[in-house]
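Welcome! Keep the sequence and the 3D view at hand, and try each task yourself before you read its solution.

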Amino acid sequence: MSRSALVGNVTAMLEDAGFLVSERCAVRPKSFDVAARRDDSLLLVKILGNIDAFDGRTGIEMRRLGGFLDATPMVIGLRTRDEELKPGVMYLRHGVPVLSPDTALDLFVEDVPPMIYAAPGGLYVNIDGKVLADEREERDWSLGRLATELGVSRRTVSKYEDGMNASVEVAARMEDLLDAPLANPVDVFESPEALADDDESESDSAEDSLVAVLTRVGFDVHPTTRAPFTTVSEDDGTAENVLTGNSAFTPTAEKRARIMSSLGTVTRTRSVYVVDKSKRDAVEGTALIEREEIDAIRDPDDLRDLIQERAEEPA
């Protein structure tokens, strides 16, 4: 299957599951392919045939963007270099959850989360330690007896009851012995650890100038490196996020502005593109502001009003 077909299939699946899906981010570099929202759940989705192509820098960028936009970064892919991704299993690459299309379908359409996760050494499940202890005690089994039946140490069984996860094989033996379900679903939406801004992002002098202007008028600015937009800027006055682009107004810039508009609709953010010169006020929902105009702004309310006024004008 071509990557374009895979992206189309995943997008259609998300739409069938009730997600509003953005336009594909068909510009480079890009850390994610689409944004998708259902109710209050927002996803940033990277779609790959071979997930080994997902590198550490992209993982960092996706996790950072997830933190800025209150979104879950996710990779949906078909295989690794060595094998097909197994259904019902959550993998992890650079801190980002990875699902096969079948696992994503089960999760989003059938509301059936994965029960297994992959980690170094094999496949594991989250054991519900309280249920395990209750089932063992109901049968009047000692820790030693269950340990003997499983072929593990008494201390290991105690750790399972304290919340340590178990391999798929051990979990299956425990469930057979106790005739009870012991595994908890894997939480795909668990927030990844926060990433602080560092010098990973490299801006040119024009972008540095834009960051300085936005900061001066009261925005908390987070530069990006692999997104269709230059920064995610939080307006301290309204707690709204603004996606910001910055370049000469070329056909590529117009394409980026259109993608930003689509992303803004899904992520519930405003979008603005700073250009050298333009005879237009907006590209769809993305406001266009000339650099001289934004350099002259001193009051955050003036910038908010200008973005809103421009965005509401016909393109």
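## Exercise 1: Salt bridges

A search of the whole structure finds 18 salt bridges, a salt bridge being a side-chain nitrogen of Lys or Arg within 4 Å of a carboxyl oxygen of Asp or Glu. Before starting, note that this is a predicted model, in which local features need pLDDT of at least 70 and side-chain atom pairs count only at pLDDT 80 or more, while totals for chains, interfaces and linings use all residues. Residues are numbered from 1 along each chain as its sequence is written, and side-chain values use heavy atoms, with hydrogens and water left out.

**Task 1a.** Find the salt bridge partner of Asp-55 and say which parts of the chain the pair links.

*Solution.*
- Step 1: The partner is Arg-226, and the closest N and O atoms of the two are 3.3 Å apart.
- Step 2: Asp-55 sits in the loop between strand E3 (41–50) and helix H2 (56–69), and Arg-226 in the loop between strand E11 (219–223) and strand E12 (231–235). These names follow DSSP runs, numbered from the N terminus: helices are H or I with at least four residues, strands are E with at least two.
- Step 3: The pair links distant parts of the chain, 171 residues apart.
- Step 4: Asp-55 is partly exposed at 31% relative accessible area, whereas Arg-226, at 16%, counts as buried. Here buried means under 20% relative accessible area, exposed over 50%, and partly exposed in between (1.4 Å probe, protein chains only).

**Task 1b.** How far apart are the closest N and O atoms of Arg-64 and Glu-61, and where do the two residues lie?

*Solution.*
- Step 1: The closest N and O atoms in this salt bridge are 3.9 Å apart.
- Step 2: Both residues belong to helix H2; because they are three residues apart there, about one helical turn separates them.
- Step 3: Arg-64 and Glu-61 are both buried.

**Task 1c.** Describe the salt bridge between Glu-161 and Arg-136.

*Solution.*
- Step 1: Their side chains meet with an N to O distance of 2.6 Å.
- Step 2: Glu-161 is in helix H6 (residues 154–161) and Arg-136 in helix H4 (residues 129–138), so this salt bridge ties together parts that are 25 residues apart in sequence.
- Step 3: Glu-161 is buried, with a relative accessible area of 17%; Arg-136 is buried too, at 8%.

**Task 1d.** Which residues are linked with Glu-254 in a network of salt bridges?

*Solution.* Glu-254 shares the network with Arg-258, Arg-280 and Glu-284.

## Exercise 2: A six-stranded sheet

**Task 2a.** In what order do the six strands of the open sheet lie, and which are the edge strands?

*Solution.*
- Step 1: The order is E11-E12-E13-E14-E16-E15, with mixed pairing. Two strands pair if DSSP finds at least two bridges between them.
- Step 2: E11 and strand E15 (282–283) are the edge strands, since each pairs on one side only.

**Task 2b.** Do the neighbours of E13 run parallel or antiparallel to it?

*Solution.*
- Step 1: E12 and E13 run antiparallel and are joined by five bridges. Across this pairing, Glu-234 stands opposite Asn-241 in E13.
- Step 2: Strand E13 (residues 240–246) and E14 run parallel, again with five bridges.
- Step 3: Bridge partners in E14 include Arg-270 for Val-242, Ser-271 for Leu-243 and Val-274 for Asn-246.

**Task 2c.** Why are E13 and E14 described as largely enclosed?

*Solution.*
- Step 1: Six of the seven residues of E13 are buried, so E13 is largely enclosed by the rest of the structure.
- Step 2: The description also fits strand E14 (residues 270–275), because five of its six residues are buried.

## Exercise 3: The whole chain

**Task 3a.** Count the helices and strands, and give the span of the C-alpha trace.

*Solution.*
- Step 1: The protein chain has 11 helices and 16 strands.
- Step 2: Along its principal axes, the C-alpha trace spans about 80 × 40 × 30 Å.

**Task 3b.** What share of the residues is buried, and what share of the contacts joins residues 24 or more positions apart?

*Solution.*
- Step 1: Of the 315 residues in the protein chain, 47% are buried.
- Step 2: Among contacts (heavy atoms within 4.5 Å) with a separation of 6 or more, 59% are between residues 24 or more positions apart.
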